[in-house]
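Please open the model in your viewer and keep the selection tool at hand. We will make a few stops together.

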Amino acid sequence: MPASTAAAKRRDRGRRRDAGIPSPWKMFLRGFFRNPVMVGAIAPSSNRTINKMLGPVDWDNCKLFVEYGPGVGTFSGPILERLAPDAKLVVIDTNPDFIRYLKHTITDPRFFPVLGSAADVQQIIRDHGFEKADYIASGLPFSTLPPGVGDAIAKATREVLREGGAFLVYQYNPRVRNFFAPYFPRIDHAMEWWNIPPAQLWWAWKD
């Protein structure tokens, strides 16, 4: 089987799209035009952004991965491809349209979409049988969130991560770093230019 065909099959594993369910691009654009402040981008992240962002994750020692603002599942699918069979992915979004869409398009039993706020991550993961998360990824536009919300999310994230875990943040405004830097002394940074717009990538480690 050609490599490209195998990769396509892996991307489609655990996914389906019923009649009447829009394509990821259509759903993403619908969310952007309805609430551009909360979506924070004009296009889903590129494959190069996803691969670079997830590269440092120690998948052998990951039992719970959490994602804030999954949107149409651009990161969720690749996370599930890498996740161990007995691990879980919990995604949290305040947009009921995205949560409804994800429930229809990703059927992997390790996948748990939650309608709620990332600031409540501690209670959300407890509801799924965990006290700590190994990794948390976020595409939330911290700089446009209501006052105090970004700080509350960063603080809750620090508290819920295990020692050695990391907060993976991809955004487009370099000032986003200011929201989580007070809680994470060690932060690695990179840029991914092959993205619309070019993406700032941070790995904030809980040492």
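This tour visits three residues in a predicted model.

**Stop one: Asp93.** Select Asp93, which you will find in strand β2, spanning residues 88-93. Which side chain of opposite charge is nearest to Asp93? That is Arg100, 11 Å away, and Asp93, although buried, has no salt bridge. Now show the backbone of Asn95: its nitrogen is reached by the Asp93 side chain at 2.9 Å. To see the wider surroundings, add the contacts beyond four places in sequence, among them Gly69, Pro70 and Gly71, as well as Phe98, Ile99 and Val114.

**Stop two: Arg110.** Next, move to Arg110, in the loop between α6 (96-105) and β3 (111-115). Is Arg110 buried or exposed? Its relative accessible area is 14%, so Arg110 counts as buried, the cut-off being under 20%. Select Ala84 as well: 26 residues separate the two along the chain, and their C-alpha atoms are 9.3 Å apart. The Arg110 side chain reaches the backbone oxygen of Ala84 at 3.2 Å. Leaving aside neighbours within four places in sequence, Arg110 also touches other residues, including Leu80, Leu83, Pro85 and Lys88.

**Stop three: Thr49.** Finally, go to helix α4 (residues 47-54) and pick out Thr49. With a relative accessible area of 0%, Thr49 is buried. Display the side chains of Thr49 and Ser46 to find a polar contact between them at 3.0 Å. Then bring up the contacts of Thr49 beyond four places in sequence: Phe75, Glu192, Trp194, Asn195, Ala199 and Leu201.

Conventions:
Residues numbered from 1 in each chain as written. Predicted model: local features only at pLDDT ≥ 70, side-chain atom pairs only at ≥ 80, totals over all residues. Heavy atoms only, no water. Helix = DSSP H or I, 4+ residues; strand = E, 2+ residues; numbered from the N terminus. Buried < 20%, exposed > 50% of the residue type's maximum accessible area, 1.4 Å probe, protein only. Lys, Arg positive; Asp, Glu negative; His and termini not counted. Salt bridge = Lys/Arg side-chain N within 4 Å of Asp/Glu carboxyl O. Polar contact = N/O pair within 3.5 Å; in protein donor to acceptor, adjacent residues only side chain to side chain. Contact = heavy atoms within 4.5 Å.
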